[in-house]
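This report describes the architecture of one protein chain, proceeding from its overall contacts to individual strands, helices and residues. The sequence and the three-dimensional structure are shown first.

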Amino acid sequence: MVLPAARARGLVAAAKAAQRRRRVDSGGGSPSPEPASRRAAVYVHWPYCEKRCSYCNFNKYIPRGVEEAAMRNCLVTEVRTLLRLSGVQRVESVFFGGGTPSLASPHTVAAVLEAVAQIAHLPADSEVTLEANPTSSPASRLAEFGAAGVNRLSIGLQSLDDTELQLLGRTHSTSSALRTLAEARRLFPGRVSVDLMLGLPAQQVGPWLRQLQELLHHCDDHLSLYQLSLERGTALFAQVQRGVLPAPDPELAAEMYQEGRALLREAGFRQYEVSNFARNGALSTHNWTYWQCGQYLGIGPGAHGRFTLKGAGGHAREARIQTLEPDNWMKEVMLFGHGTRKRVPLGKLELLEEVLAMGLRTDVGLTHQHWQQFEPPLTLWDIFGANKEVKELLEQDLLLLDHRGLRCSWQGLAVLDSLLLTLLPRLQEAWHQTTPSPAPGG
């Protein structure tokens, strides 16, 4: 048995991993006539990069040459297979991530989107996002991606300081990044997101805030702030371990985050998710599926997905992971139609834990209506309304529990991880008190 606190820490880590893996933003979408079991988002993983950044431990490869036609055919085959297996009839959004998907040809993007539209309904206004690096995204190429069906870009600026960019192993300069951003805004007005990192080794609050202020003069209506996570096996981790670089200061990183979110609020941005900010209604729809625990199909090497198999009656959602290494993944796709390496059925409690941990990342939190969609045995009031520890969080103005549902306050959103260490064990305790244990051998 997993201890409640350990399980809570695991859910916190899982939520962070999902955030790092996608590097995208949450938002709201218009209601769909299709039932939830027949709707999904699609994530497409392009695993190749020109070089590996010093902080990155994502599933990516730096090949001598890419057989793009073979990769394209396998992506098309796998998306067709998983759409059929899932019975998904409507695709709400498509996100091309990586790796560096802007290194793929626009023809590959168009082929995947065409395959999706052949199997399921892909509305004309569906959000189609492409992650783009400044060095692989000249204006002519961005225009070609637009013609292929992309209507939103997520640009990995990471920093507006050339020394920091070199530290991170990025291949672009500040000037080239700003040129790419300007072209992107011209081609995709109102639909360009940029990433900015904080908490780098030796980084100070004042200079970082000046970067953010400068970025506000150039950015569109969506911005993501991500704290550096030192990952074992990366060049940056090794440099810190050897003492070549100082370890990032978590207190300074927390101050940057707090000062940064306050600055963005003053600039008219709404913080609608822990790391994501938007103004003028420019919220992305794709990650809303993640934060609301909707279905999503993971296509490509190492991609993750969560969906219910067709014919399972909506009660057997699986967590799926595709084979990591591209060549092996392609062999499996050619043999079986898909490269799923791992399938894990999600239990009812596991799903509710994800609903709680992911939903509270947004400023909307968990509405009572949304919670009931997952058929829990208890309401939010039943679980949290009378708990002493939860009451203390409510009195400290970190949480709100009312007629709308359960959500974090502005202050609480910044310390969500610590709140989940109280909330998740309480959910588990209430579940075990309500749900009888199976009889031995049952």
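## Overall organisation

Among contacts in the protein chain with a separation of 6 or more, 73% are made by residues 24 or more positions apart. The model is predicted. It contains 17 helices and 15 strands, and 55% of the 442 residues of the protein chain count as buried. The accessible surface of the chain comes to about 19,000 Å², with carbon and sulfur atoms accounting for 52% of that area.

## Strand β5 and its neighbours

Strand β5 comprises residues 192-198, and 7 of its 7 residues are buried, so the strand is largely enclosed by the rest of the structure. In a regular strand, side chains alternate between the two faces of the sheet. Both faces of β5 are covered. Val192, Val194, Leu196 and Leu198 are buried on one side, while Ser193, Asp195 and Met197 are buried on the other.

Two parallel pairings involve β5. With strand β4 (residues 152-158), β5 pairs in the parallel sense over 4 bridges, and serine 154 stands opposite serine 193 in β5. Strand β6 (residues 222-227) runs parallel to β5 and is joined to it by 6 bridges. Within this pairing, valine 194 has leucine 223 of β6 as its bridge partner. The connection from β5 to β6 passes through helix α7 (residues 205-215), forming a right-handed β-α-β crossover.

## Helix α9

Helix α9 comprises residues 250-266, 17 in number. At 1.5 Å a residue, a span of 24 Å is expected, and the end C-alpha atoms are 24 Å apart, which agrees. The buried residues of α9 are Ala253, Met256, Tyr257, Gly260, Arg261, Leu263 and Leu264. Viewed down the helix axis, the buried residues of α9 fall within an arc of 160 degrees and therefore line one face of the helix.

The face turned away from this buried side carries Glu251 and Glu266, which are exposed. Cover for the buried residues of α9 includes the strands β5 and β6 and the helix α7. Also among the covering elements are β7 (270-273), β8 (276-278) and α16 (410-413).

## Helix α3

Which elements cover the buried residues of α3? They include β1, α2, β2 (90-98), β3 (127-132) and α4 (139-148). The buried residues themselves are Pro106, Thr108, Val109, Ala111, Val112, Leu113, Ala115 and Val116.

Helix α3 has 14 residues, running over positions 106-119. Its expected span at 1.5 Å a residue is 20 Å, and the separation of its end C-alpha atoms is 21 Å, which agrees.

## Strands β1 and β9, and proline 47

Strand β1 (residues 39-46) pairs with β9 in the parallel sense over 4 bridges. In this pairing, isoleucine 299 of β9 is the bridge partner of valine 44. Strand β9 (residues 296-299) is covered on both faces. Tyr296 and Gly298 are buried on one side, and Leu297 and Ile299 are buried on the other.

Proline 47 lies in the loop between β1 and α2 (68-86). Is this residue buried or exposed? Proline 47 has a relative accessibility of 0% and therefore counts as buried. Its C-alpha atom is separated by 7.7 Å from that of proline 101, although the two residues are 54 residues apart along the chain.

## Threonine 174

Threonine 174 belongs to helix α6 (residues 174-187). Its relative accessible area is 13%, and buried means under 20%, so threonine 174 is buried. With residues up to four places away in sequence left out, threonine 174 touches Leu160, Asp161, Asp162 and Leu165.

## The antiparallel sheet

An open sheet of 3 strands has the order β13-β15-β14, with antiparallel pairing. Strands β13 (366-367) and β14 (399-401) are the edge strands, each pairing on one side only.

Strand β15 (residues 405-408) runs antiparallel to β14 and is joined to it by 3 bridges. Here leucine 401 has leucine 406 in β15 as its bridge partner.

Conventions:
Residues are numbered from 1 along each chain as its sequence is written. This is a predicted model: local features need pLDDT of at least 70, side-chain atom pairs count only at pLDDT 80 or more; totals for chains, interfaces and linings use all residues. Side-chain values use heavy atoms; hydrogens and water are left out. Buried means under 20% relative accessible area, exposed over 50%, partly exposed in between (1.4 Å probe, protein chains only). Contact means heavy atoms within 4.5 Å. Accessible areas come from the Shrake-Rupley method with a 1.4 Å probe; for residues, only the protein chains shown count as cover. Two strands pair if DSSP finds at least two bridges between them. A crossover is right-handed if, with the strands pointing away from the viewer, the path from the first strand over the helix to the second runs clockwise. The expected span of a helix is 1.5 Å times one less than its number of residues. The arc is that of the directions from the helix axis to the C-beta atoms.
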